[in-house]
Amino acid sequence: MTVVQGIMAFIGWSIFSSWYYVNFIKEFESVSGMFSGEEVEIPGIDKTAEAESIAESITVIDESKEIPEKEPLAPISISKNFTFFKNSAEPIEPLKLQKFRDSLEVILNDRKVSILIVGHTCDLGTEKYNMKLAQNRANYIATSLKLFGEQSVLEVESRGESDPAFPNINETNRVKNRRVTITIKSQL
């Protein structure tokens, strides 16, 4: 029963749409010429005045004028240290690392920079272990920052215990030596 109803609805719609086209749309096309591509004169509208007002509203760009170049960015030099837990590649203050990263995104925007990330340790442990630990720390910082695009030159290295910032005579100094140093400079 529903197929018969569908066929009847289709036939009814076809008859109605044909009648509507013949009586309204076709007559409108032949009178106005709008769908045939012909230009139609509409009484009371001055096409010359309309074209002149459109031409006045168009802004012409003078290509002979030079577009000013961006002013060169001021050179930068940034140094930052992050300290680490003993025998760990996790920084003591990860929130400071996140804040530093956020500030760098603004500063490094559109700059060509060279970035040096160097891992360090205190004197506890073997030299071989400390070199690997310092490299892991430097890699952790480089991965965490994720700021190094095509315009940046990035170097990540380990110095282990060989370059202490403070003498390794007490635990306070050893904590300061368990660090990663980041140096960022503009490239000329």
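1. Let's start with the largest cavity, which has a volume of about 50 Å³. Please keep in mind that this is a predicted model. Searching the whole structure turns up 1 cavity of 30 Å³ or more.

2. Which residues line the largest cavity? Its walls are formed by Lys86, Asn87, Thr121, Cys122, Leu124, Asn130, Leu133, Arg137 and Arg178. Sorted by class, this lining has 3 nonpolar, 3 polar and 3 charged residues.

3. Asn87, one of the lining residues, deserves a second look. Although Asn87 is not a glycine, its phi is positive, at about 55 degrees. You will find Asn87 in the loop that runs between strand E1 (77-83) and H3.

4. From that loop we can move on to the helices. Two packed helices are described by the angle between their axes and the distance between the axes. Here, helix H3 (residues 94-107) and helix H4 (residues 127-145) have axes that come within 10 Å and cross at roughly 50 degrees. The angle is neither under 35 degrees nor in the range from 65 to 115, so H3 counts as oblique to H4. The handedness of the H3 and H4 crossing is right-handed.

5. Where do these two helices touch, residue by residue? On the H3 side, look for Leu97, Phe100 and Arg101; on the H4 side, their partners are Tyr140, Ile141, Ser144 and Leu145. By class, this contact of H3 with H4 comprises 5 nonpolar, 1 polar and 1 charged residues.

Conventions. Residues are numbered from 1 along each chain as its sequence is written. This is a predicted model: local features need pLDDT of at least 70, side-chain atom pairs count only at pLDDT 80 or more; totals for chains, interfaces and linings use all residues. Side-chain values use heavy atoms; hydrogens and water are left out. Axes are lines fitted to C-alpha atoms, for helices over the stretch in contact, and angles run from 0 to 180 degrees between N-to-C directions. Helices (H or I, at least four residues) and strands (E, at least two) are DSSP runs, numbered from the N terminus. Angles under 35 degrees count as roughly parallel, over 145 as roughly antiparallel, 65 to 115 as roughly perpendicular and the rest as oblique. A crossing is left-handed if the near helix is turned anticlockwise from the far one by less than a right angle, and right-handed if clockwise. Contact means heavy atoms within 4.5 Å. Ala, Val, Leu, Ile, Met, Phe, Trp, Tyr, Cys and Pro count as nonpolar, Asp, Glu, Lys and Arg as charged, and the others, Gly among them, as polar. On a 1 Å grid over the protein atoms alone, a cavity is a set of points where a 1.4 Å probe fits but cannot get out, and a pocket is an open set with protein on both sides within 12 Å along at least five of seven lines; lining residues have an atom within 4 Å of a point. Grid points are joined across faces, edges and corners, and a volume is the space filled by probe spheres set on the points.
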